[in-house]
Amino acid sequence: PLLATGGGDLSSLMKALWTAAGKAAIALGIIFLGGKTCLEPVFRFGASAKSPEAFVATILVTVLAMSTLTESLGLSDTLGAFLAGVLLAETKYRHQIEADIAPFRGLLLGLFFITVGFGIDVSLITGNFLIVSFLLVTLLLIKTSVITFLGLSFGLNFASSQRTGLILAQGGEFAFVTFGLAQKNNVLPPQLAQLLFLLVALSMTMTPFLASTGSKIAASIESARGLIGARKEDVADAKDYVVVAGFGRVGQSVCDLLDARLIRYMAFDSNPAKVIEARNKGLPVFFGDACRPEVLKAAGIRQPKAVVVTLDDKDGASRAVNAIRREYPNIQIFVRAKDAKHQKMLQLGGATAIVPELLESSLLLGGAVLLSYGTPIEEVNSLIEESRKKTLMDAGLDVSGLTGYNSSKSDDKNKDNKRQKAKEIDIQSD
């Protein structure tokens with residue numbers, strides 16, 4: 001808008017540019033400094049309320065506040081919304097934010113493109129076919145060349161650089177906002193603005209073709225170098241994550257075991273304090289509800305290897321198992337059960353393995369009592385193992401693959417132990 005206030009001479013234009021640059025610098029400084037210092041406490045407070053409505057309201061207030069700030073400085077309110085999105089994407093709450101705004105994003109983005117589409121004059125193609133074709137090819141070539149060169153400069157190989165260049169060669173949707181604002185403020189004549197709208201729209205329609213072409217070119221280059229197999233394995237391995245829902249005491253123990261075996265995992269928790277503490281330790285823990293498939297997809301996890309549900313809430317754990325099983329019918333779901341009734345509910349929901357919450361503590365407590373009465377440690381371990389496997393079998397789990405487990409052998413061993421104890425009692429009585 002500031003450019004529209006200048007006159008037609010060069011000095012007025014330069015003055016308007018310097019004014020716009022100064023105000024943009026002020027806006028950027030306020031937004032980034034304020035965002036870095038204020039966003040974390042604000043979202044921590046909103047997350048601690050444990051209310052989805054309060055969390056979404058915090059997101060909307062943040063975006064509206066930054067849009068109002070940039071508009072008050074004579075800049076575009078869209079720029080403020082864009083900068084708000086950049087800041088929100090850098091917070092620990094980004095996955096939950098992306099999942100919460102997904103319905104709004106799809107609806108508003110569709111409405112935006114419908115509005116832009118109605119404003120495009122398609123007759124420009126028939127009347128200026130050669131000019132439009134030349135400008136379109138020029139736009140795609142320039143953007144592809146620049147992005148490919150930047151990729152090579154940052155250390156990417158040519159195959160990845162050209163593929164990135166072709167994927168990003170189209171005009172962005174922000175161009176619609178910029179050109180529309182320029183036309184509204186008489187910076188661009190209507191005919192030129194319409195031509196630019198058409199070029200951006202046509203370049204977007206070329207994206208699937210360009211992406212496919214870039215992938216084929218990259219595949220042929222990498223195949224010639226013998227790198228195809230390694231790349232596919234790397235991608236498959238990168239997706240092989242275990243998702244841990246809840247980072248309490250049980251969740252932390254599970255993650256410690258996964259760390260010990262160098263198994264990749266991503267943990268999610270709705271307690272911001274736990275997330276902050278874990279992130280400060282460098283752990284892959286994020287704020288969000290991992291029981292919502294859209295949160296996992298927002299985190300980039302399309303097909304997790306397994307999901308471990310460690311929630312304390314019985315109803316929440318049951319809903320989580322049902323939701324995850326509907327979205328991922330073939331993955332393993334491990335969950336802890338509060339009691340027998342909860343265990344049956346989880347079985348009906350599709351849980352793969354259900355571990356009673358008090359199983360291990362009760363077994364260890366019983367083992368400590370036996371040891372205090374002089375029972376040999378080998379016999380205590382055997383009894384604990386037998387009881388553990390019996391409980392797991394009652395839960396409907398297959399324990400045939402567990403090491404050294406055979407029910408008949410275990411029964412014979414228990415009988416031999418009982419006979420040995422009886423002989424010792426007879427000897428002592430004599």
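A salt bridge, as the term is used in this talk, is a side-chain nitrogen of Lys or Arg within 4 Å of a carboxyl oxygen of Asp or Glu. Good morning, colleagues. The structure before you is a predicted model, and I shall begin with its charged pairs.

A search of the whole structure finds three salt bridges. In one of them, the side chains of Glu-277 and Lys-281 come together at 3.7 Å, N to O. Glu-277 is partly exposed, at 47% relative accessibility, while Lys-281 is exposed, with a relative accessible area of 61%.

Another joins Arg-336 to Asp-312, with 2.1 Å between the closest N and O atoms. Arg-336 belongs to strand β5 and Asp-312 to the loop between β4 and α15, so this pair ties together parts that are 24 residues apart in sequence. The two partners also differ in their surroundings: Arg-336 is buried, at 14% relative accessibility, whereas Asp-312 is exposed, at 53%.

There remains the bridge between the side chains of Lys-92 and Glu-40, at 4.0 Å, N to O. This pair links distant parts of the chain, 52 residues apart: Lys-92 sits in the loop between α3 and α4, and Glu-40 in helix α1. Glu-40 counts as buried, with a relative accessibility of 17%.

Let us turn to the interior. Which residues have the most contacts inside the largest nonpolar core? They are Phe-43, Phe-55, Tyr-93, Ile-97 and Ala-267, in a core of 26 residues. Several elements each supply at least two residues of this core, including helices α1, α2 and α3 and strands β1, β2 and β3. Phe-55 illustrates the packing: beyond residues up to four places away in sequence, Phe-55 touches Phe-43, Gly-46, Ala-47, Tyr-93, Gln-96, Ile-97, Asp-100 and Phe-287. Apart from this core lies another, of 24 residues, with Phe-286, Leu-296, Val-307 and Val-335 among them.

Helix α2 offers a further contact site at Ser-67. Is Ser-67 buried or exposed? Ser-67 is buried, because its relative accessibility is 13% and the cut-off for buried is under 20%. Leaving aside neighbours within four places in sequence, Ser-67 contacts Asp-77, Gly-80 and Ala-81.

Nonpolar residues also appear on the surface. Leu-28, Phe-32, Phe-82, Val-86 and Phe-174 form a nonpolar patch there, with about 400 Å² of accessible area together. Helices α1 and α3 are the elements that give two or more residues to the patch. Phe-82, for its part, is in helix α3 and is partly exposed, with a relative accessible area of 47%.

I shall close with two helices further along the chain. Helix α16 spans residues 340–349, and its buried residues are His-342, Gln-343, Leu-346 and Gly-349. These buried residues lie on the same side of α16, because they cover an arc of only 120° around the axis. The face turned away from that buried side carries the exposed residues Ala-340, Lys-341, Lys-344 and Leu-348. Just after α16, Gly-350 takes a positive phi of about 105°.

Helix α17, residues 359–372, contains Gly-366, which is partly exposed at 32% relative accessibility. The C-alpha atoms of Gly-366 and Ile-384 are separated by 8.3 Å, although these residues are 18 residues apart along the chain. Thank you for your attention.

Definitions and conventions: Residues are numbered from 1 along each chain as its sequence is written. This is a predicted model: local features need pLDDT of at least 70, side-chain atom pairs count only at pLDDT 80 or more; totals for chains, interfaces and linings use all residues. Side-chain values use heavy atoms; hydrogens and water are left out. A nonpolar core is a set of buried Ala, Val, Leu, Ile, Met, Phe, Trp, Tyr and Cys residues joined through side-chain atoms within 4.5 Å. Buried means under 20% relative accessible area, exposed over 50%, partly exposed in between (1.4 Å probe, protein chains only). Helices (H or I, at least four residues) and strands (E, at least two) are DSSP runs, numbered from the N terminus. Contact means heavy atoms within 4.5 Å. Patches are made of residues with over 30% relative accessible area and no salt bridge: like charges are joined within 9 Å, nonpolar side chains (Val, Leu, Ile, Met, Phe, Trp, Tyr) within 5 Å. Accessible areas come from the Shrake-Rupley method with a 1.4 Å probe; for residues, only the protein chains shown count as cover. The arc is that of the directions from the helix axis to the C-beta atoms.
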